Structure formats: C-alpha cells, structure tokens
Amino acid sequence: MDSGTIIIGLIMLALCALPFILAGRNRKSKEEKIKKSFLDLAQKNNISDLQKDIWYGSAIGINLTNHQLVFYKKIKDVETTHILNLKDIQKSKILKVNDLNNHIEKLELILTPYGKNNNEINLEFYNAEMNPQINGEFQLIEKWNKLINETIYSIGNFKKAV
C-alpha cells in the first residue's frame, strides 16, 4: 500500500469520527452549564454539601443535614427550579406514564406537601417528547424517590409513601 492511500484512509477515518467527537464535546459542555446553573441556584439559597445527580438538562440534589432539596431543569430556554424543605413534604412517589405500546412517555417524581390546599410538586425526570431515548432516568428516579422518602422518615414526617 502506498503512502497516498494511507493518508487518504486516515483523512476519511478522521472525517467519519469527527461528528461523534463534536457531539460528545457538545453534550459535555451542556452538562457543565447545567451543573453550574444548578450549583449557582443552590449557593444563592445557602445550600451546600449536596448529594447530586445531573442528567439530560436536569439536576437534583439534597442536603441531608438541612433536609433541603434542589431541583433544576432547563430544556431549550425554559428553566424550572424548586427549592424545597423536606420538613414540609409528607411523601414522594413515582408517576410513570406509558403510551399505548407500553413505552415510557414520562417519568415524574411527585412530592406531596402537608395541607389539603397545597398542590403536589412534580419533578420531571424524563419526557419522550424532549428526549426520545431513555437513558438511566428510571433507575435515577427510583434512587431519588427512595432517598427522599428515607429523609422524610428520618425527620419524622413520613406518611405511608407509595
């Protein structure tokens, strides 16, 4: 094989790999922006020492000492934020919405506050309209449901979580 063929082959290989490299960089850059916005939100509310997870445009964290939950989501230009004191929450449960073919359409963590006049708080972990490929969100929502309910139980606010 001559050197010209090798050079052309290497150039073609680089051109084929370039979109994957750029996509990985872009994803990492978006994830870093979400992380920064999330940590800024927590810092503005004097919340630190967070156990946290960050995924597709979203972040959630909990301070186990002060029982505070921080949720941040940014899809396109729409931001959703929640700063919650788990002392005001009586339970957490998972809402899973399936389509007619039994594919997951939406995953939400539903937090029920004390008081009949208080509305439930929905923390969206996955929406098929925004991201058609589910990628670990089911395991993540189960982890956070368990962690939140354990925290509520530890501070004596537990009411039969589902």
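In this predicted model, Ile7 sits in helix α1, which covers residues 3–44. Ile7 is partly exposed, at a relative accessible area of 48%. It belongs to a nonpolar surface patch, where Ile7 is joined by Ile8, Ile11, Met12 and Leu15. Together these five side chains put about 500 Å² of accessible area on the surface.

Moving inside, the largest nonpolar core counts 22 residues, and the members that touch the most others are Leu69, Leu111, Leu123, Phe125 and Trp144. Strands β2, β3, β6 (104–113) and β7 (121–127), along with helix α2 (137–154), each chip in at least two residues to this core. Helix α2 gives the largest share, six residues. Apart from this core there is another one, built from nine residues that include Ile34, Phe38, Val70 and Tyr72.

Phe125 shows how many parts meet in the main core. Setting aside residues up to four places away in sequence, Phe125 touches Trp55, Ile60, Phe71, Leu107, Glu108, Leu109, Glu137, Leu140, Ile141 and Trp144. One of these partners, Glu108, is charged yet buried, with a relative accessible area of 8%.

Glu108 also leads into the salt bridges, of which the structure holds seven. Its side chain meets that of Lys106 at 3.9 Å, N to O, and Lys106 is partly exposed at 27% relative accessibility. Lys73 pairs with Glu124, with the closest N and O atoms 3.6 Å apart. Because Lys73 lies in strand β3 and Glu124 in strand β7, this pair ties together parts that are 51 residues apart in sequence. Both ends are out of the way: Lys73 is buried at 9% relative accessibility, and Glu124 is buried at 17%. These four residues, Lys73, Lys106, Glu108 and Glu124, are linked in a network of salt bridges.

A further salt bridge joins Lys93 and Glu120, whose closest N and O atoms are 4.0 Å apart. Lys93 is in strand β5 (residues 89–98) and Glu120 in the loop between β6 and β7, so this pair connects parts 27 residues apart in sequence. Here both partners are partly exposed, Lys93 at 27% and Glu120 at 41%.

Last comes His67, in the loop between β2 (58–63) and β3 (68–75). Despite the loop position, His67 is buried, with a relative accessible area of 13%. A polar atom of its side chain lies 3.4 Å from the backbone oxygen of Leu64. Leaving out neighbours within four places in sequence, His67 is in contact with Leu84, Asn85, Leu86, Lys87, Thr151, Ser154 and Ile155.

Methods:
Residues are numbered from 1 along each chain as its sequence is written. This is a predicted model: local features need pLDDT of at least 70, side-chain atom pairs count only at pLDDT 80 or more; totals for chains, interfaces and linings use all residues. Side-chain values use heavy atoms; hydrogens and water are left out. Patches are made of residues with over 30% relative accessible area and no salt bridge: like charges are joined within 9 Å, nonpolar side chains (Val, Leu, Ile, Met, Phe, Trp, Tyr) within 5 Å. Accessible areas come from the Shrake-Rupley method with a 1.4 Å probe; for residues, only the protein chains shown count as cover. Helices (H or I, at least four residues) and strands (E, at least two) are DSSP runs, numbered from the N terminus. Buried means under 20% relative accessible area, exposed over 50%, partly exposed in between (1.4 Å probe, protein chains only). A polar contact is a pair of N or O atoms within 3.5 Å; within protein, one must be able to donate a hydrogen and the other to accept it, and residues adjacent in sequence count only if both atoms are side-chain atoms. Contact means heavy atoms within 4.5 Å. A nonpolar core is a set of buried Ala, Val, Leu, Ile, Met, Phe, Trp, Tyr and Cys residues joined through side-chain atoms within 4.5 Å.
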